[in-house]
Structure formats: structure tokens, C-alpha cells
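Hi everyone, thanks for making time this morning. I'd like to walk you through one small set of contacts, so let me put the structure up.

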Amino acid sequence: MEIKIGMKSVARELSLDIDKSFEELQKLLTDAVSGGEIIDLVDKRESHTLINAGNIAYVEFAPERQNRIGFAI
């Protein structure tokens with residue numbers, strides 16, 4: 001699942017492709033934000049990203065999409 005995280009006072013958003021379900025990510029992020037913790041997110045390439053949950057402005061969840069071939073609209 002692709003997620004985009006907007007941070008307070010930062011113009012660019014962080015985009016990660018994580019191999020977890022929506023429910024797992026929602027619980028992880030909700031618990032971390034309410035506790036002001038540091039979140040360790042691991043993407044599909046096994047790269048770790050540490051985020052201070054207190055600085056998260058928003059999180060956008062995007063379902064996995066299939067790459068289309070051709071000129072489909």
C-alpha cells in the first residue's frame with residue numbers, strides 16, 4: 001500500500017510503499033500519533049524510515065494500483 005505523509009512545516013510529502021494492510025497501518029499510526037512516539041516504517045525494499053509522530057500533519061492512504069498498458073482511460 002502506498003502512503004503519503006505530510007509533515008508540519010515541510011513543503012514536500014514523504015511517499016512510501018509499505019507491505020501492510022490499511023488496518024495495520026492505521027492502528028500503528030494512530031497509536032504513535034496519540035503517544036507522540038517515533039515510528040519505524042519499513043518499505044517493500046526493506047528501507048527503514050524513522051518519523052517523529054508528533055510532527056505528522058496528515059497521512060494519505062492509496063490502494064495498490066495496477067500499471068496499465070496502452071491508452072486506456
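Let's begin with D43, which is buried at a relative accessible area of 13%. Keep in mind as we go that this is a predicted model. Which residue does D43 form a salt bridge with? The partner is R45, and the closest N and O atoms of that pair are 3.6 Å apart. R45 itself is exposed, with a relative accessible area of 68%. So here a buried acid is paired with an exposed base.

How many salt bridges does a search of the whole structure find? The count is three, so let me show you the others.

Next, please look at D17 and K44. They form a salt bridge too, with 4.0 Å between the closest N and O atoms. D17 sits in strand β2, residues 13-17, while K44 is in the loop between β3 (38-42) and β4 (48-52), so this pair ties together parts that are 27 residues apart in sequence. Is D17 buried, or partly exposed? It counts as partly exposed, at 35% relative accessibility, and K44 is partly exposed as well, at 39%.

Then we have K27 and D31, whose side chains meet in a salt bridge at 2.9 Å, N to O. Both belong to helix α1, residues 22-35, and because they are four residues apart there, about one helical turn separates them. K27 counts as exposed, at 55% relative accessibility, whereas D31 is partly exposed, at 37%.

Let me zoom out for a moment. The protein has one helix and five strands, and from the N terminus on the order is β-β-α-β-β-β. There are 73 residues, and buried ones make up 23% of them. For the surface, about 5700 Å² is exposed, with carbon and sulfur atoms supplying 50% of that. If you take the contacts with a separation of 6 or more, residues 24 or more positions apart account for 49%.

One residue lets us see such a long-range contact up close, and that is G6, in strand β1 (residues 2-7). G6 is buried, with a relative accessible area of 4%. What does G6 touch, leaving out residues up to four places away in sequence? The list is E13, N55, I56, A57 and Y58. For Y58, the C-alpha atoms of the two residues are separated by 5.1 Å, although G6 and Y58 are 52 residues apart along the chain.

That's my tour, and I'm happy to turn the view around for anyone who wants another look.

Notes: Residues numbered from 1 in each chain as written. Predicted model: local features only at pLDDT ≥ 70, side-chain atom pairs only at ≥ 80, totals over all residues. Heavy atoms only, no water. Helix = DSSP H or I, 4+ residues; strand = E, 2+ residues; numbered from the N terminus. Buried < 20%, exposed > 50% of the residue type's maximum accessible area, 1.4 Å probe, protein only. Contact = heavy atoms within 4.5 Å. Areas by Shrake-Rupley, 256 points an atom, 1.4 Å probe, with all protein chains shown as cover.
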